[in-house]
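The exercises below are meant to be worked through with the sequence and the structure open side by side. Each task is followed by a solution that goes step by step.

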Amino acid sequence: MKQKKKLLQSLFYILILAVAIIILFQWYTVQNSRRMEERNKSYAADSAQQTGEQINVELENALNIIRTYTFFVGESLKEPQITQQTLQQMEGNSLFDAVVFTDKDGINHIADGRTSDASKHDYYLQGMKGETGISVVRDSQFFDETMLCFYAPVRCKGKIIGVLRGAYLAEEYLKSMLATTYFGQEASVHLCMRDGTVVACSDANVHQGDLIDLLVETGVIDQDTAEKAETIFETGGKGSFICSPDSKTDNICLIDLPDNEFILVQTFPKNVTQEMIRDENMIGIQLEIMLLILFAIYILTLFVRTRRERKRLKEENQQMGYIISGINTLFSRFVMVDFETGIYQYLAGTSPERGDVPVHGEYKDLVPYLSSWVKEEGERLEFARQISLDAVKEAMEQQDDLRFESHVFRNGKDEWEHVNLICLERNEGKVSKILFIRQNITDVKEKEMRITQALQDALLQAQHANKAKTTFLSNMSHDIRTPMNAIIGFATIAVSHINNKNQVKDCLQKVLSSSNHLLSLINDILDMSRIESGKVQIKEQECNISELMHNLVNIIQPQVKAKQLEMFIDTFEVANEDVVADALKLNQVFINLLSNAVKYTPAGGTITFRIMQKTTFRHGYGDYIFIIKDNGIGMSPEFVKHIFEPFERESTVTQSGIQGTGLGMAITKNIVEMMNGSIHVESEVGRGSTFTVEITLKLQDIEKNAEQLKELQGLRAMVVDDDFNTCNSVNKMLKKIGMRSEWTTSGKEAAYRARIAYEEGDSYHTYIVDWQMPETSGVETTRLIRKAVGDDVPIIILTAYDWTDIEEEAKEAGVTAFCAKPLFMSDLKSALIAANNLNGKEAEVPAWTLADFSGKRVLLVEDIELNREIAEVILTESGFQVESAPDGTDAVSMVEKSEEYYYDIILMDVQMPIMNGYEATRTIRNMPRKDVKTLPIIAMTANALEEDKEAALKNGMNAHIAKPLDINIFMEVLGRFLK
């Protein structure tokens, strides 16, 4: 009877457990469905966010293209009208489906000659106000489809003459960007205007009216979700909403594209979520079945195990004895504490280390003894508190085991000890007896500490290496794009002014300067050891601050013009221009600082760059200060504290859409400090920033610009500039040259003093006048001076701008010469020499054009036709008879068929499609001829690493010349082998 009762009781428990499993599974399916819906909503939101960002980027790129078109079109216009031919050329060379020009009277003109009225369209009205933007045109008279237009005003001679539009067919242009799939299922994605009308959608269906109303009418979303979606259209922002179960979609995501006044709407395919829920629930069902089977197996085994229980208990008692013996080897002492009586007792025949401590006694007396071994006083007091009677009782209310790790000092040695307090018995839920054991873990702890230290060292090394690579690559990306911008900009200007020889020459010189800077950067990139080691070396060499600063202006000026900013550059008491420094690294510093000033200064703002030299008493060195100031957006005091830390960017910068890695200032500070300099910043939100770089540079042994001009000694000079510091600086330089210099900040005063000096018979010999002055401009001041003293005296215009735009007007006013800011001693002397015709020399001719290799025959082996053409021109003008081969196989054949000593030298490319230069050289050297052993073979290749040079020599070549060619080096190498 008793056994039957126990059996029924067991069956009852089993039934309760089965019901609990079923309830838990039902709960699991409900929670799983909610989890899937929330996860898919987040997934869809992330996808929609990426789509929105892609569309924003595409639209911004299209706007930048139309801005560029309007800029260059406006620059090239001589009359305020764009011809049909111009529109045809722009449309043929652009990605737009159509390019439309709307004249100032509101008449549209397209490439095929058709016209239409656009006087009431927003793009015309806004464009004529000087604004740039995006417009959706649904009633185009030229096209049957909705057009997405990007417009910008066209200016001719400073006046808006119309609006230029680049138009795409909205559906065709946006469909690929809107196309989105989830696990093979296409989602519906729509780009809407703020009034709910659809501009384009991924399924190419025609949607009339408000999209949200249409989705509700077709049952895609429910009314509650529609009301939430409407708030995004009204207030902006973004949102993701799960639809009701009876809706045709699982969730809907809306993202406001505030830069372009569009709303992106995406619906998530419902069957995707349903299939995922079914799959997950099927797994749950399988798990439930497995649990039930396992539970049944457990019940069956339970009866079998009961029989074996007695036998097992007997064996366990025997094994427990073995265990206790083994534990004694790990834990030398055991203490049992009765918390009800407060008495401790050492067990298993163990005793305290110190003889003055009893084996049996009150626990409160044992605590000071146990804690006395802890080494540090603070840790000792904390350990005593943790093992006190009340603390242990409180800690063991919810657990049966307490563990402590202590650093102890025992027997004259530092050791680590693991202390365990194990609950042995409870009375009414409260601990009554515990076992106190200690274990020496010194070896384990020391090994763990060694491993931890090794891991930390490895982590620091990995972080350092990764940071070095990231910093280097970001720096190179930034610095390569800057000279490339100058190259493209000045090349474009040269093409636009091809008939102006002086301007084209000036542009080509600036392109060459930027190209050389770019080549230096590329050579740095090839030095892979810098990336691996995380070290950047300072390579000091002789350079000129004037040349460096003017090259810097040429590189940064296109960015300044494109942003419509004003940049003022001047010097103050710079006595030593010729220094020893790493010109490339200095360029990196100032390009970073000036690029940031341009980037964070709104259109119409001002940037100033001042170079000063402080008086120093350290022989052979000069202290230089470079101050870059802007009136841009500025920085908060909190951000200024962290500006030089890697990856730091102010939140307002991110929100403004300005791109950047956050590494520029960290790189700049690193370079400055490697040069033993310092950099400081002052900034205020809304008022701009000022960066001050102080560097001590070694001076060259010989100052090239220190001597005076004998022809100008004792003659009077007048400096006219509205800036006192500029006047003072130029005045001091003129006195060093040997002239009697005076200055004034007023153009009218300069003309008055010129007339007085002329009437008194002690006229000023030379006038140096600033171009931009608030009261009287430099050109107007020149007219006043010419009126007072005639046309004989030299008048030099000093300017920080590109003077080609005013050159004709200035020369008509009487300007003799121009001098670019920043003004250094060498610049001033060059301007004075040119203005006074003191050089008497013909224009310099490039040294390479003077080389004469007449009668010499060269075999040029080059597979790239353009490179071959360039080399043939240079070699022919130097007197060579040139024969060309497009591959190594052709070169080998031509040498075989030629007479001995037919060729004087071979220029061999390395990478060629059939036979490379190395193989061709080896083949030629092994020919059974007398001349091939001594025939000079020069590698002329873009493979410019040190190992490439070594490979060329190992394969039988005599020398290595890297592309792009440095003509002077090229001619020097040829001359060396063809003496």
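**Exercise 1. Burial and a salt bridge at arginine 687**

Task: In this predicted model, decide whether arginine 687 is buried or exposed, and find the residue whose side chain meets that of arginine 687 in a salt bridge.

Solution. Step 1: The relative accessible area of arginine 687 is 60%, and because the cut-off for exposed is over 50%, arginine 687 is exposed. Step 2: Its salt-bridge partner is glutamate 684, with an N to O distance of 3.8 Å, which falls within the 4 Å limit for such a pair. Step 3: Glutamate 684 has a relative accessibility of 46% and therefore counts as partly exposed.

**Exercise 2. Other salt bridges**

Task: Establish how many salt bridges the model contains by this rule, and then examine the pairs formed by aspartate 400 and by aspartate 931.

Solution. Step 1: Side chains of opposite charge can pair when their charged atoms come close. Step 2: The count for this model comes to 26 salt bridges. Step 3: One of them joins the side chains of aspartate 400 and arginine 426, at 2.7 Å from N to O. Aspartate 400 sits in the loop between α10 (389-395) and β16 (401-410), whereas arginine 426 belongs to strand β17, so this pair ties together parts that lie 26 residues apart in sequence. Aspartate 400 is partly exposed, at 45% relative accessibility, and arginine 426 is also partly exposed, with a relative accessible area of 30%. Step 4: Aspartate 931 pairs with arginine 929, their closest N and O atoms being 2.9 Å apart; here aspartate 931 is buried at 5%, and arginine 929 is buried at 13%. Step 5: A network of salt bridges links Arg716, Arg740, Glu742, Glu749, Arg753 and Asp762.

**Exercise 3. The partners of strand β18**

Task: Work out in which sense β18 pairs with β13 and with β17, and name a residue pair for each.

Solution. Step 1: Strand β13 (residues 334-338) and strand β18 (residues 430-440) are antiparallel and share 5 bridges; within β18, phenylalanine 436 stands opposite valine 335. Step 2: Strand β17 (residues 413-427) also runs antiparallel to β18, joined to it by 10 bridges, and the bridge partner of valine 419 in β18 is arginine 438. Step 3: β17 and β18 form a hairpin with 2 residues between them, and in the turn glutamate 428 has a positive phi of about 55°.

**Exercise 4. The nonpolar cores**

Task: Identify which residues have the most contacts inside the largest nonpolar core.

Solution. Step 1: The largest nonpolar core comprises 48 residues, and those with the most contacts inside it are Met549, Phe590, Phe609 and Phe691. Step 2: The helix that gives the most to this core is α15 (residues 583-599), with 9 residues. Step 3: Beyond its neighbours within four places in sequence, methionine 549 is in contact with Phe590, Phe609, Ile611, Phe626, Pro822 and Phe824. Step 4: Another core, of 47 residues, lies apart from the largest one, and among its members are Val99, Met177, Phe262 and Leu264.

**Exercise 5. Glycine 219 in its loop**

Task: Locate glycine 219 and find which residues it touches.

Solution. Step 1: Glycine 219 lies in the loop between α5 (211-217) and α6 (223-235), where its relative accessibility of 24% means that it counts as partly exposed. Step 2: Not counting residues up to four places away in sequence, glycine 219 touches Ser247 and Lys248. Step 3: The C-alpha atoms of glycine 219 and aspartate 246 are separated by 8.2 Å, although these two residues are 27 residues apart along the chain.

Conventions: Residues are numbered from 1 along each chain as its sequence is written. This is a predicted model: local features need pLDDT of at least 70, side-chain atom pairs count only at pLDDT 80 or more; totals for chains, interfaces and linings use all residues. Side-chain values use heavy atoms; hydrogens and water are left out. Helices (H or I, at least four residues) and strands (E, at least two) are DSSP runs, numbered from the N terminus. Buried means under 20% relative accessible area, exposed over 50%, partly exposed in between (1.4 Å probe, protein chains only). Contact means heavy atoms within 4.5 Å. Two strands pair if DSSP finds at least two bridges between them. A nonpolar core is a set of buried Ala, Val, Leu, Ile, Met, Phe, Trp, Tyr and Cys residues joined through side-chain atoms within 4.5 Å.
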